[in-house]
Structure formats: C-alpha cells, structure tokens
Amino acid sequence: MSRWQKLFDHNERLFWALHSIGWVGFALVYYIGSFLHDMRSIWFFIIILNAYAGWLLTIPLRYIFRWARQQSLLKMLCVIFASCYAIALVWAIVKNVNYWEIYKHGYRPDEWYMYTTNTINSLLMIMCWTGLYFGIKNFQMLQKEKQAALKATTMAHQAHIKMLRYQLNPHFLFNTLNAISTLILMKNNQTAEAMVTRLSHFLRYSLDNDPIKRVPLAKEIEALRLYLDIEKVRFDDRLQVVWEIEPRCEKALVPSMILQPLIENSIKYAISKLTQGGTISISAKVFASDLLIDVADNGPGAEIDAGKLVREHGVGLPNIRERLQSLYGRDFSFVIANNQPTGLRISIRIPYELKEASND
C-alpha cells in the first residue's frame, strides 16, 4: 500500500492536513497577489488573520456536511448553500473588521451594513472549499468501492483456485484404504503400517499447503514419491517410474499438487490396463525463461480432439488447466498428445521462477 493510500485511510489526519495546506495556500496566493497593493508588514498580518479566520470558520462545515450527506438531495443542497452563505457572511465581517480596525487604524464606515461588503467574494471562496471537500469525499468513496470490489474479486478468485486444488479424486483414497484393509486381513501388518504412514504424510502435504501459494518442485516431487510408493503397494512390479529432473528445476516454483492428477491419470488409464504393467516417465527441465514438465506413460494412449481427451469427463485434467489459467493467465501451456510409440504425454510450460531468499 502506498503512502497516499495509507493517508486516505486516516480521514482525520487527511482532513486536517488538506484543510491547513489549503488555507496556507490561500494566504500565499493572497500575498503574492498583493505585491502591487501593499508590501508593509501590517498588510501581511491582515492576510494571516483573514486566512486563520477562514481556517477556523470552515471547520464546522465538515460536521454540517457530514450530517447533510445523510439527508435527501434537496435538503442536502439547501443545508449546504445556507451554511456556506452563513459562514461566508461571518468571514466577510471578520475580514472587514480586520481591514478597518487594524489596517485603517480604527476607521469605521458610516453604515453598519458596510461590514458585510464582499460577502459574494467570500462565498465563492467558501464554495471552492466545499467543492474540494465533496470532491475528496467522493474520491474516497470511489476508492473504497474499488478496493471492496477488488477484494471481492480476489477472494472469489482465491476461492475458485482452492476449490480446484481440493478436488482430489476420492478414488485414490478409497483404493488406498481398501489396499490397507486387504494387507491387514492378510496379516501383512508391517506393510500396512508403512502404507498408512505414507498416506498420512501425503494427505498432510496436500492439505497443509496453501493452494494460492506455489511450492518448490522438490517438495512436489517428494509428495509424488509418497503417492507413488502407496500405488506401488497396489501394483507391485507392474508400476515402474523414471525420473529425469534437472537439478536447477528443484527450486522452481510450481502450483502445489499440480502433478498428482497427471500421475493418477496415467495409473488409471495406462498402468491398470496393462497386464505386464507399464512405465511412467516424469521429466522437468528449463528452457529459456520457462519450466517444462512432462508426464508420459506407455499405455494404450487415448483419442484426442482439439487438444483434449475425448474421455475427459472427470475433474483431474480440466482441473489442472483451470488452475494454470487462474494462476498464470495466458503465460502457460498445457498440451495433451499421444506418446511414441504408445501411451500418452502431457506437457506443461510455466514461467521459471525461483523461491525468494526471504521466504526460505
């Protein structure tokens, strides 16, 4: 938040600062305009008195206008004009008294109503003060409405990202629990205990990380290894994993849990379909200013139409595409293609960004 925004957030400080600056400016302009009139110190003293009187007399207008803003439009306009005229009349009298009693050394006009001369000029000055007051107030209101709308949009955007982030496929959890129960029935308690431990670590990672924030790829890979260790209990030697991660990619920031649905997709539609099992390849490299991530399998592949899977009816892959679009706008790519010679390849391109030292 900038200094000006902080200042606008403190109405009291802002009012007194602008109020004082305005009347100091009035005195300065008045003095500069008097160079051809009178340069004596007594005239400068009169200017100071008149500016100070204006400073004092316009203070009540703030509280009058605050009340008037709550009234109907017609009543508000009547109150504004009446109060401005009353203050202008008093200010005109004060200025005339200063002029005749101090500057003219006690000279008094013949008629009392002469003390009200130049009321129109004073009214114009008070109306300028009023215009600035309402202009600043309206600007503050617009700023608050803009900030409220921006905050609402941001909250909706974050809620959307969190919703997408937490739409994990429940089949994984059900399958894992079933596998654990099977291991227990088979009295393979040691493997079941290890599987429960991995599952707890994986769920803790998936729930603890803020979906709005990004994490280093190394942490994402660590969570993926837990996930794959759990799946290997189910598939045993039928699941092979090949990692090709460039060292400098490990500190690159990626959305948390962005790769798990890709691995799950490969296991569900590739590994589980192959009698002899299959291989999932996970690679990450840096090209120019981008981070390139590939997840490929050697399964039966899939029918692709306009860059989307024909069977894409779940939330996994569409979820990832929406999350990437929410986080990166147009600065990303999400490509689904058939792998060679068989299988499916999903490629992600996002900006290569490193974790700042202050966040370590």
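Two strands count as paired if DSSP finds at least two bridges between them, and by that criterion strand 4 (residues 278-287) and strand 5 (residues 290-297) are paired, since eight bridges join them in the antiparallel sense. The structure is a predicted model, in which the chain averages a pLDDT of 81 and 83% of the residues score at least 70. The points below take up the confidence, the sheet and its hairpins, the nonpolar cores, helix 5, and some backbone details.

**Confidence**

- Within the chain, the confidence is lowest in helix 1 (residues 3-8), where the mean is 51, and highest in strand 5, where it reaches 95.

**The sheet**

- Five strands make up an open sheet with mixed pairing, and their order across the sheet is 2-4-5-9-8.
- Strand 2 (239-245) and strand 8 (333-338) stand at the edges, and because each has a single partner strand, one side of each is left without a neighbour in the sheet.
- From one strand to the next, the twist averages 10°.
- Helix 9 (residues 217-235) packs on this sheet and touches strand 2, strand 4 and strand 5, while its direction makes about 165° with that of strand 2.
- Strands of a sheet in general pair through backbone hydrogen bonds, in either a parallel or an antiparallel arrangement.
- Strand 2 and strand 4 pair in the parallel sense over seven bridges, and Val241 stands opposite Ile280 in strand 4.

**The two hairpins**

- Strand 4 and strand 5 form a hairpin with two residues between them; the bridge partner of Phe287 in strand 5 is Asp290, and that of Lys285 is Leu292.
- Ala288, which lies in the loop between strand 4 and strand 5, has a positive phi of about 60° although it is not a glycine.
- The relative accessibility of Ala288 is 67%, and the cut-off for an exposed residue is over 50%, so Ala288 counts as exposed.
- Strand 8 and strand 9 (344-351) pair in the antiparallel sense over six bridges, with Ile346 in strand 9 as the bridge partner of Ile336.
- The hairpin of strand 8 and strand 9 has five residues between the strands, and Gly343 in this hairpin takes a positive phi near 105°.
- Pro341 is found in the loop between strand 8 and strand 9, and the peptide bond that joins Gln340 to Pro341 is cis, with omega at about 5°.

**Nonpolar cores**

- The largest nonpolar core has 41 residues, and those with the most contacts inside it are Leu262, Ile263, Ile267, Leu324, Phe334 and Ile348.
- Helix 9 gives the most to this core, contributing seven residues.
- When neighbours within four places in sequence are left aside, Ile263 is in contact with Leu224, Tyr227, Leu228, Ile280, Ile282 and Val295.
- A second core, separate from the largest one, has 26 residues, including Val79, Ile80, Leu123 and Trp129.

**Helix 5**

- Helix 5 (residues 73-103) has 31 residues, which at 1.5 Å a residue should span 45 Å, and the end C-alpha atoms are 43 Å apart, which agrees with that expectation.
- The expected span is 1.5 Å times one less than the number of residues, which is why the 31 residues of helix 5 lead to 45 Å.
- Asn98 has its place in helix 5, and with a relative accessible area of 11%, set against a cut-off of under 20%, Asn98 is therefore buried.
- Neighbours within four places in sequence left aside, Asn98 is in contact with Ile46, Leu49, Asn50 and Tyr103.
- Just after helix 5, His105 takes a positive phi of about 55°.

**A buried loop residue with positive phi**

- Met257 is placed in the loop between strand 3 (253-255) and helix 10 (260-269), and has a positive phi of about 60° although it is not a glycine.
- The relative accessibility of Met257 is 3%, and because the cut-off for a buried residue is under 20%, Met257 counts as buried.

Notes
Residues are numbered from 1 along each chain as its sequence is written. This is a predicted model: local features need pLDDT of at least 70, side-chain atom pairs count only at pLDDT 80 or more; totals for chains, interfaces and linings use all residues. Side-chain values use heavy atoms; hydrogens and water are left out. Helices (H or I, at least four residues) and strands (E, at least two) are DSSP runs, numbered from the N terminus. Axes are lines fitted to C-alpha atoms, for helices over the stretch in contact, and angles run from 0 to 180 degrees between N-to-C directions. Contact means heavy atoms within 4.5 Å. pLDDT is the predictor's confidence in each residue, from 0 to 100. A nonpolar core is a set of buried Ala, Val, Leu, Ile, Met, Phe, Trp, Tyr and Cys residues joined through side-chain atoms within 4.5 Å. Buried means under 20% relative accessible area, exposed over 50%, partly exposed in between (1.4 Å probe, protein chains only).
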